[in-house]
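Here are some exercises to try with the structure open beside you. Work through each task yourself before you read the solution.

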Amino acid sequence: MAVLEVKDLIKDFGGLRAVSNVTFHVDEGEIMGLIGPNGSGKTTIFNCITSYFPITSGRVFFKGTNITGMKTHQICRLGIGRTFQVVRPLARMSVLDNVTASAFSRVNSIKEARSEAERVLDFCALLGEKDKLAKSLPIGGRKRLEIARALATKPRLLLLDETAAGLNPSELDEAIELIKKIRESGVSILIVEHIMKVIMSISDRIHAINFGQTIAEGKPDEVANNRAVIEAYLGEEYAQG
Ligand SMILES: Nc1ncnc2c1ncn2[C@@H]1O[C@H](COP(=O)(O)OP(=O)(O)O)[C@@H](O)[C@H]1O
Ligand SMILES: [Mg+2]
């Protein structure tokens, strides 16, 4: 069964059509990659799914329920978590308090929120940093903290927006392992990522867009060899190498 269905999604910003008739779905337990050049509409699609922006037209279903037009916090409660491309932790709060704040979306007591936050920090290999200020973490840690904050809302579907950007090679391997571990824990994933090593190695399927429009969808090797994708996004070097 599809955990997420996006149907004929259109999003206009004034005269600009940022997303144009995009349709795709994410199956239960699947890692679905969403790729496209800068400015092609990937983050806007995330913002439409989570009602961060009102959509112009189209429909979004979560586990068969039409969530189009619901409030962002209702969508979070139903089970869609997300990270932001530009990480924005509560900089002056500790790592633990950042995640505890997110855990309050599910529990009512500070005790429960803290213990859930510690469980999630442990899962994300951040428990050792829990008393540090969020702003003192290096970029790899801030990206993991962003994932931890999303996981503390107990999502069934996680939207990851460029969580591997800016990471060094060993941090990249850790990020790939963490994303696989999240899926193994039963969370379906829709991931936007520019780093081909990441997207190609973890996605079950990939949906490619350009200028807000779908150009290809399929298994990673099919999409990587698709002419429209190569022209729009990957560049000829990738096709040859
Ligand atoms: N809040 C906004 N207001 C106006 N235009 C926006 C807004 N957000 C995104 N856009 C425009 O929509 C297009 C898609 O942007 P975005 O979804 O951020 O692309 P991507 O994440 O694929 O790089 C771009 O042309 C961008 O300038
Ligand atoms: Mg973006």
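Helices (H or I, at least four residues) and strands (E, at least two) are DSSP runs, numbered from the N terminus. Residues are numbered from 1 along each chain as its sequence is written, while chains are lettered from A and ligands numbered from 1 in the order in which they are written. This is a predicted model, in which local features need pLDDT of at least 70 and side-chain atom pairs count only at pLDDT 80 or more, whereas totals for chains, interfaces and linings use all residues.

**Exercise 1. The shell around ligand 1**

Task: Find which residues surround ligand 1, and which helix gives the most to the shell.

Solution:
- Step 1. Look for residues near the ligand, meaning that the C-beta atom, placed from the backbone, lies within 6 Å of it. The residues around ligand 1 are F13, L16, A18, G36, N38, G39, S40, G41, K42, T43 and T44.
- Step 2. Assign them to elements: strand 2 and helix 1 (42-49) each supply at least two residues. Helix 1 gives the most, with three residues.
- Step 3. Sort by class, where Ala, Val, Leu, Ile, Met, Phe, Trp, Tyr, Cys and Pro are nonpolar, Asp, Glu, Lys and Arg are charged, and the others, Gly among them, are polar. The shell then has three nonpolar, seven polar and one charged residues.

**Exercise 2. The sheet of four strands**

Task: Work out the strand order of the open sheet of four strands, and which strands are at its edges.

Solution:
- Step 1. Recall that strands of a sheet pair through backbone hydrogen bonds, either parallel or antiparallel. Here two strands pair if DSSP finds at least two bridges between them.
- Step 2. Read off the order, 2-1-4-5, with antiparallel pairing. Strand 2 (16-27) and strand 5 (65-66) are the edge strands, each pairing on one side only.
- Step 3. Check one pair: strand 1 (residues 2-13) and strand 4 (residues 57-62) are antiparallel, with five bridges. Among the partners, V6 bridges to V60 and K7 to R59.
- Step 4. Move on to strands 4 and 5, which are joined by two bridges; F62 is partnered by T65. These two strands form a hairpin with two residues between them, and K63 in the turn has a positive phi of about 50°.

**Exercise 3. The sheet of six strands**

Task: Describe the open sheet of six strands, and say which helix packs on it.

Solution:
- Step 1. The order is 6-7-8-3-9-10, with mixed pairing. Strand 6 (80-82) and strand 10 (213-218) each have a single partner strand, so one side of each is left without a neighbour in the sheet.
- Step 2. Take one pair: strand 7 (residues 157-161) and strand 8 (residues 188-192) run parallel, with five bridges. In this pair, D161 stands opposite V192.
- Step 3. Add the helix: helix 1 packs on the sheet, touching strand 3 (31-35), strand 6, strand 7, strand 8 and strand 9 (205-210). Contact here means C-beta atoms, placed from the backbone, within 7 Å. The direction of helix 1 makes about 150° with that of strand 7, where axes are lines fitted to C-alpha atoms, for helices over the stretch in contact, and angles run from 0 to 180 degrees between N-to-C directions.

Key: Contact = placed C-beta atoms within 7 Å.
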